[in-house]
Amino acid sequence: MVVAAQTNRRWWALVAVALGTFMTYLDNNVVNVALPSIQRDLQLSIEGLEWIASSYILVFAGLLLAGGRIADVLGMRGVFFGGLAVFTVASVVAGLAQNQEMLIGARAVQGVGAALLTPASLALLTQLFPNARERATAIGIWGGVGALALAFGPLTGGWLSEHASWGWIFLINAPIGVATAVVGLLSIPAGRRGTSRGLDLPGLAASSLALFALTFALIEGESRGWTSGAILAGFAVAAAGALAFVVIEARSANPMMDLSFFRLRVFTGGLLAMGLWAFGVFGIYFYTAIYMQNVLGFSPTGAGAAFVPMALVMAVMATLAPRLEARFGAARTVAAALALMAVSVAGISSFGEGTTYLDLLPWFLVYGVGGGMLVPLNNVVVGALPAARAGIASGMLNVSREVFGLLGITILGAVLTNRSNAATGSELHRYLEGYQFSLVVAAALVAVGIPIALWALRSVEPADEPTTADEQQVLEPA
């Protein structure tokens, strides 16, 4: 009876962790389709509107490594609840905001909460589920919930802004946050402080500066101009911060990240494969949503709803992916996932005017299958590092996803613009020429991940036997 109760508590704890992750992922894109309503109500400038959308992702991405390190040092449970509290309170403030300064500030504080909550969420699963098979299943469910958030963000934002008020896109986080806290307090066991010592403040400062600067340059590059002083300075500061981080970590007696981790083929290759996935998925969500509205005449809510079947398939496949990994291995499962997504993006690139949703739907569903099959990669990357560094491993995984996702939007945007400018004919024809070519580029880059996955993950054994922290596989270096 005691064992059964403990098992049930673990799965309820998974519910809490998944809900917390759902909130942070939802706020990555829930605001986009509500921006026109926000602009009308608060009389915002275009610059203010841009910062409402970008302040969250800027702070979130900039502090992810810091959040992972704090979780390793202070303990996963405490940081999870701390991040949840910050995020929930900031969401209420955002929902009640009366001016752009209040809203932008609240969005930034949401980013602080998310940067604490997200790395701790994934790292908690490694503690809650020491059995390898159960852990793979739990991370599959966790990944499926994250996939749902990616699609339901635009749909939720569009529906609430049309039928209620834009403030509810943030206020809805309050009941979710309270429910998450209650379930978590009852199910997540009391944690202990992490075994990592010290926060490595110089390393935290250097990594956060580099990520802030890089994220700022990627977000603002298109509007300010890629050769403008502010953007060039942003890239320069990012490079300087990254170099300082490497020097600090190499000389520190207690580094936040042992640089030898990057010699682990599974860790480095896994991060790159995850980044290439993010490059494709952020690009397809962003530019295909624009294509459906500007070319096919979808409403914002309709464009958001169009991605729901993809997300549902992705969520279902995420829960089934651990079985595929157990049978075929991580390398082949992840490579097949990337191949399906590359084929899907290439297929979508062939459509132009006169396309119906039913034409696009099969390719969306193929992409959903591939996206769900990629979920075991989360377990592989986090499991590549010692258990005491699960927080920083989760932070690195999320940094890879967020930064490559922004690269997907910015690089594909530049490709689209350049190709459109070089084309001839009507404005619509030139836009479609750029859009279709940018998706071909995205498909090619996602496909690059296929050989990387086959090479980097070939030594990862299927998760079919119980393991303990002392029995974890020793991964071979590159």
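**Close-up views of a predicted protein model**

**View 1. V89 counts as exposed, at 53% relative accessibility.** Here, buried means under 20% relative accessible area, exposed means over 50%, and partly exposed is in between, using a 1.4 Å probe and protein chains only. The home of V89 is helix α5; helices (H or I, at least four residues) and strands (E, at least two) are DSSP runs, numbered from the N terminus. Together with V93 and M102, V89 makes a nonpolar surface patch of about 230 Å². For patches, residues need over 30% relative accessible area and no salt bridge, with like charges joined within 9 Å and nonpolar side chains (Val, Leu, Ile, Met, Phe, Trp, Tyr) within 5 Å. The areas come from Shrake-Rupley with a 1.4 Å probe, and for residues only the protein chains shown count as cover.

**View 2. How sure the predictor is, from α5 to α13.** This is a predicted model, so local features need pLDDT of at least 70 and side-chain atom pairs count only at pLDDT 80 or more, while totals for chains, interfaces and linings use all residues. Residues are numbered from 1 along each chain as its sequence is written, and side-chain values use heavy atoms, leaving out hydrogens and water. pLDDT is the predictor's confidence in each residue, from 0 to 100. The chain averages 82, and 91% of the residues score at least 70. Among its elements, helix α5 (residues 76-95) has the highest mean pLDDT, 94, and helix α13 (residues 300-306) the lowest, 76. Over residues 464-478, pLDDT stays under 50, and the model has 28 contacts beyond four places in sequence for this stretch. Coordinates should not be read in detail where pLDDT is low.

**View 3. The largest nonpolar core has 135 residues.** A core is a set of buried Ala, Val, Leu, Ile, Met, Phe, Trp, Tyr and Cys residues joined through side-chain atoms within 4.5 Å. I38, F267, W277 and Y291 have the most contacts inside the largest one. Helix α12 (residues 265-294) gives the most to this core, chipping in 15 residues. Zooming in on Y291, and skipping neighbours within four places in sequence, its contacts are L296, F351, G352, T355, L360, Y431, L432 and Y435. A contact means heavy atoms within 4.5 Å.

**View 4. R10 and E134 form a salt bridge.** The structure holds 2 of these, each one a side-chain nitrogen of Lys or Arg within 4 Å of a carboxyl oxygen of Asp or Glu. For R10 and E134, the closest N and O atoms are 2.8 Å apart. R10 sits in helix α1 (residues 2-29) and E134 in helix α7 (residues 132-163), so the pair ties together parts that are 124 residues apart in sequence. R10 is buried, at 19% relative accessible area, while E134 is partly exposed, at 24%.

**View 5. E433 and R419 meet in a salt bridge too.** The N to O distance is 3.4 Å. With E433 in helix α19 (residues 427-456) and R419 in helix α18 (residues 390-422), this pair ties together parts that are 14 residues apart in sequence. Both ends are partly exposed: E433 has a relative accessible area of 26%, and R419 comes in at 34%.

**View 6. L397 is buried, with a relative accessible area of 0%.** This leucine belongs to helix α18. Residues up to four places away aside, L397 touches L122, L271, M274, N378 and V381. Its C-alpha is 14 Å from that of F279, a residue 118 places away along the chain.

**View 7. F262 sits in the loop between α11 (229-251) and α12.** At 35% relative accessibility, F262 is partly exposed. Beyond four places in sequence, F262 is in contact with M257, F267, T268, L271 and M396. F262 and A242 are 20 residues apart in sequence and 15 Å apart in space, C-alpha to C-alpha.

**View 8. R458 is found in the segment after α19.** R458 counts as partly exposed, at 49% relative accessibility. Apart from residues up to four places away, R458 touches R265, A331 and A453. R458 and V266 are 192 residues apart along the chain, yet their C-alpha atoms are separated by 8.3 Å.
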